[in-house]
Amino acid sequence: MRGRFDSEYIRSELERVGDQLHDPLTVYLIGGGSMAFRDLKETTKDIDLVVTDGGTLVQLQTVLLECGYEIVKEPGAEYDELGAQRILENDDGCRIDVFNQQVVDKLVLSEGMRERSETYLEAGALRVELISTEDIFLFKSVAGRTDDIDDMFLLVQTGLDFDVVEAELTDQIELLGQELFVSYVNESLLALDERHNVTTPLEDTVRAITERVYRELEVMQAFDESTSVGALQDALGLSAAEVDEAIQSLEDKGVVAVDGSQIRKQSSTL
């Protein structure tokens with residue numbers, strides 16, 4: 001079992017990093033660390049930090065190594081799925097996961113997220129920004145681990161503005177150029193309802209997008225390099241209207257090209 005760390009410990013580590021810095025550095029704190037600073041949970045296993053570019057990533061890694069952290073070369077499957085660019089650990093077993101703009105390979109640190117963040121700590125040359133509770137909820141929903149579902153429940157109790165969450169979800173679709181990640185949000189919302197009997201205003205929107213994406217995946221899996229609406233109807237047992245709707249959406253996304261009655265696959269990204 002790895003150790004867990006409270007807000008006092010996390011703050012002291014961040015202050016130690018700030019004292020070692022020579023040039024200004026801004027990081028965005030997400031996950032359990034941000035929740036601990038808001039008194040929403042007592043401890044966390046990791047400090048999750050997001051930076052805005054590769055240069056800042058190198059700068060942060062350098063100072064962490066100077067502070068005695070070591071790069072974790074084999075962090076395990078759970079960490080692989082998170083998609084951190086760097087994972088470093090100190091002698092106490094505290095891990096700092098560093099993400100470069102994109103987190104969990106499913107969400108981007110957007111302009112809206114930066115604007116909603118608030119400065120929590122300025123230590124030496126280090127500025128630590130706390131991501132808003134609405135954005136933490138969204139990050140937790142795409143990670144989907146057991147602890148994340150429980151954290152989503154805690155976050156709901158704070159009175160989240162779900163209009164903000166839904167607007168950010170729409171922005172993320174535009175930034176990522178795909179909708180498949182929304183299916184992970186859907187799974188987490190279902191788990192939240194099952195485990196804690198909590199529903200949110202997000203559910204109808206997320207469910208509708210997920211159902212459309214699953215239908216599009218069905219259509220894509222039935223594809224040869226080129227096919228027809230009739231062939232897809234026969235293969236999937238769908239109505240002409242259902243196939244037409246899926247094809248129109250796939251064409252809008254640039255996944256397929258329609259030439260008369262023939263449909264050609266151009267991409268595999270939804």
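Across which strands does helix α11 lie? Helix α11 (residues 229-236) lies across β12 and β14, and runs at about 80 degrees to β12. Axes here are lines fitted to C-alpha atoms, for helices over the stretch in contact, and angles run from 0 to 180 degrees between N-to-C directions. Helices (H or I, at least four residues) and strands (E, at least two) are DSSP runs, numbered from the N terminus.

This is a predicted model, in which local features need pLDDT of at least 70 and side-chain atom pairs count only at pLDDT 80 or more, while totals for chains, interfaces and linings use all residues. Residues are numbered from 1 along each chain as its sequence is written, and side-chain values use heavy atoms, with hydrogens and water left out.

The protein chain as a whole comes first. Its secondary structure comes to 12 helices and 14 strands. The C-alpha atoms fill a box of roughly 65 × 40 × 35 Å along the principal axes. Of the 270 residues, 48% count as buried; buried means under 20% relative accessible area, exposed over 50%, and partly exposed in between, with a 1.4 Å probe and protein chains only. Among contacts between residues at least 6 apart in sequence, 65% join residues at least 24 apart, where contact means heavy atoms within 4.5 Å.

One sheet is open and has 7 strands, in the order β5-β6-β7-β4-β2-β11-β10, with mixed pairing. Two strands pair if DSSP finds at least two bridges between them. At the edges of this sheet are β5 (70-71) and β10 (118-123), each pairing on one side only. Within the sheet, strand β6 (residues 86-89) and strand β7 (residues 95-100) run antiparallel and are joined by 4 bridges. E89 has R95 in β7 as its bridge partner. Helix α1 packs on this sheet, where it touches β4 (46-51), β10 and β11 (126-130), and its direction makes about 60 degrees with that of β10.

Helix α1 covers residues 7-20, and its end C-alpha atoms are 20 Å apart. The expected span of a helix is 1.5 Å times one less than its number of residues. For the 14 residues of α1 this should give 20 Å, so the separation of its ends agrees. The buried residues of α1 include Y9, I10, E13, L14, V17 and G18.

Strand β4 of the sheet holds D48. D48 counts as buried because its relative accessibility is 13%. Leaving aside neighbours within four places in sequence, D48 is in contact with Y28, L29, I30, G31, D97 and F99.

The next region is a pair of helices. Helix α6 (residues 133-143) packs against helix α8 (residues 162-176) at an angle of about 55 degrees, with the axes 9 Å apart. That angle makes α6 oblique to α8: angles under 35 degrees count as roughly parallel, over 145 as roughly antiparallel, 65 to 115 as roughly perpendicular and the rest as oblique. The contact is made by E134, D135, F137 and L138 of α6 and by F162, V164, V165, E168, L169 and Q172 of α8.

F137 of α6 is buried, with a relative accessible area of 0%. Not counting residues up to four places away in sequence, F137 touches M152, L155, V156, L160, F162, V165, L189, L192, T200 and L202. One of these, T200, sits in the loop between α9 (182-196) and α10 (203-221). T200 is also buried, at a relative accessible area of 9%. With neighbours within four places set aside, T200 is in contact with F137, V156, F162, L189 and L192. The C-alpha atoms of F137 and S249, which are 112 residues apart along the chain, are separated by 28 Å.

The last region returns to the strands under α11. There 3 strands form an open sheet in the order β12-β14-β13, with antiparallel pairing. The edge strands are β12 (226-228) and β13 (256-259), and each pairs on one side only. Neighbouring strands of this sheet are turned by 30 degrees against each other on average, direction ignored. β13 and strand β14 (residues 262-265) run antiparallel and are joined by 4 bridges. V258 stands opposite I263 in β14. Helix α12 (residues 240-252) packs on the sheet and touches β13 and β14, and its direction makes about 115 degrees with that of β13.
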